[in-house]
Amino acid sequence: MGTFRDSLDTRALRFALFFPLLLAIGFVVCAQMLRNSLPDPVAVMWNADGGSAFAPFGAYVAGGAAMITLFGWLAFMQAVPLSRPVVMRRVMMGLGLMVSLFVTTVLAAGLVGQSGVGEARLSHVDPIVLAMGSGAALALGVVMMFAFKPDARWTPEDDQALEAERMLLADPDLTRDTLRIWVHARSSVFIMIIVSALFPAALIAVALPWLGALVAAVALLGAGFLFARVRADRGGLRVLAGGLVPVLSVPAVDIAAAAPADIKAADYGGWGLRHHDDATAMLVSSGPAVVVRKLNGGRVALSAGTAAAADTLAGILNRAAARAHDDGQHQ
């Protein structure tokens, strides 16, 4: 029994059981408040001319409460087992809220549409209640998907986090030796791209839409390579063009030394990703940069944005290389 209980998210289970039940009770109470203004029997199905199937008020309310509870439980319970993927549990929790509220909305719209009508055959489902309730059900369901936090469960990611914490305790400088920066070309460069490429592309698109779209896509792709995300830590250096495409990766064990420098992009072949002689460069502009010398004799140059960032980045890479070489010698 203990093992079965440990396999369930108890907080989600409590919510899954009680929310549809309380919602059904609320529906019954509100239905009783409308009882005196409803025809007898009430309509339970409608066509274009009005009510087409009928049932006693008590049967409508009891059946509706049962539907709210049953459909809510069926959806909510899919989010309770811990064995399910976290994303699925979030989706099913939101879907459970959405379904239970939508069923309640439909039942309530049916009753409100009959309020004040002497004959149930003349009634229709109230469109305002149906529209507002359906919109609220959808919105609250989406909010639940993002707000629901499943019970903690130990995963491989937790093992990695634990190992990272152990490394941090063993080496307090680890957080200091981690850097994430964005570098990009000067704003004047992007203005030049807009003027020289995007405006002509808009004119070309008037005559040849596909060619105009192609010119614009090429321009945007080129502009994307003038953005880069630089990540440096004890593992080494990694550069992602546009923040998404990995273009440079230098493990710490391959680094001989790193030094800040003020360089000209033309010396390395220009802007963007370049291979020039023995050097590989990812430069978004001329100016502050870091030049990394590798043990195999190669060089890597990358923009650093500011002189202070270049100094910090070079220091991190040098310390990372020293640790990696020390670890290799000890092994």
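User: Why are H2 and H3 called roughly antiparallel to each other?

Analyst: Start with the angle: the axes of H2 and helix H3 (residues 57-76) cross at roughly 160° and come within 8 Å. The axes are lines fitted to C-alpha atoms, for helices over the stretch in contact, and angles go from 0 to 180 degrees between N-to-C directions. Over 145 degrees counts as roughly antiparallel (under 35 is roughly parallel, 65 to 115 roughly perpendicular, the rest oblique). H2 and H3 therefore get the label roughly antiparallel. Their crossing is right-handed, meaning that the near helix is turned clockwise from the far one by less than a right angle (anticlockwise would be left-handed).

User: Where do these numbers come from?

Analyst: This is a predicted model, in which local features need pLDDT of at least 70 and side-chain atom pairs count only at pLDDT 80 or more, while totals for chains, interfaces and linings use all residues. Residues are numbered from 1 along each chain as its sequence is written, and side-chain values use heavy atoms, with hydrogens and water left out. As for names, helices (H or I, at least four residues) and strands (E, at least two) are DSSP runs, numbered from the N terminus.

User: What angle do H4 and H5 pack at, and what does that make them?

Analyst: Helix H4 (residues 86-112) packs on helix H5 (residues 127-147) at about 165°, and their axes lie 8 Å apart. That angle makes H4 roughly antiparallel to H5. H4 passes H5 in a right-handed crossing. Sorted by class, their contact has 20 nonpolar, five polar and one charged residues. Nonpolar here means Ala, Val, Leu, Ile, Met, Phe, Trp, Tyr, Cys and Pro; charged means Asp, Glu, Lys and Arg; the others, including Gly, are polar.

User: How do you know that E1 and E2 are paired strands?

Analyst: Two strands pair if DSSP finds at least two bridges between them. Strand E1 (residues 42-47) and strand E2 (residues 50-55) have five bridges and run antiparallel, so they meet that rule. One of the partners is easy to find: Val42 bridges to Ala55 in E2. A hairpin of two residues joins E1 to E2. Also, in the loop between H2 and E1 you'll find Pro41, and the peptide bond from Asp40 to Pro41 is cis, with omega near 0°.

User: What makes E7 and E8 edge strands?

Analyst: Each of them pairs on one side only. They belong to an open sheet of five strands in the order E7-E10-E11-E9-E8, with mixed pairing. E7 covers 255-263 and E8 covers 272-276. From one strand to the next, the twist averages 15°. E8 pairs with strand E9 (residues 279-283) in the antiparallel sense over five bridges, and His275 stands opposite Thr280 in E9.

User: How do you know that Arg89 and Asp9 form a salt bridge?

Analyst: Check the distance: their side chains meet at 2.5 Å, N to O. A salt bridge is a side-chain nitrogen of Lys or Arg within 4 Å of a carboxyl oxygen of Asp or Glu, so the pair Arg89 and Asp9 counts. Arg89 sits in helix H4 and Asp9 in the loop between helix H1 (2-6) and helix H2 (10-34), so the pair ties together parts 80 residues apart in sequence.

User: Are Arg89 and Asp9 buried or exposed?

Analyst: Both labels come from relative accessible area: buried is under 20%, exposed is over 50%, and partly exposed is in between (1.4 Å probe, protein chains only). Arg89 has 1%, so it counts as buried. Asp9 is buried as well, at 0%.

User: How many salt bridges does the structure hold?

Analyst: It holds three. In one of them, Arg121 pairs with Glu119, with the closest N and O atoms 3.9 Å apart. Glu119 is partly exposed at 37% relative accessibility. In another, the side chains of Arg180 and Asp233 meet at 3.6 Å, N to O. Arg180 is in strand E3 (residues 179-184) and Asp233 in strand E4 (residues 227-233), so this pair links parts 53 residues apart in sequence.

User: Why do Arg180 and Asp233 get their accessibility labels?

Analyst: Arg180 has a relative accessible area of 40%, so it is partly exposed. Asp233, at 24%, also counts as partly exposed.
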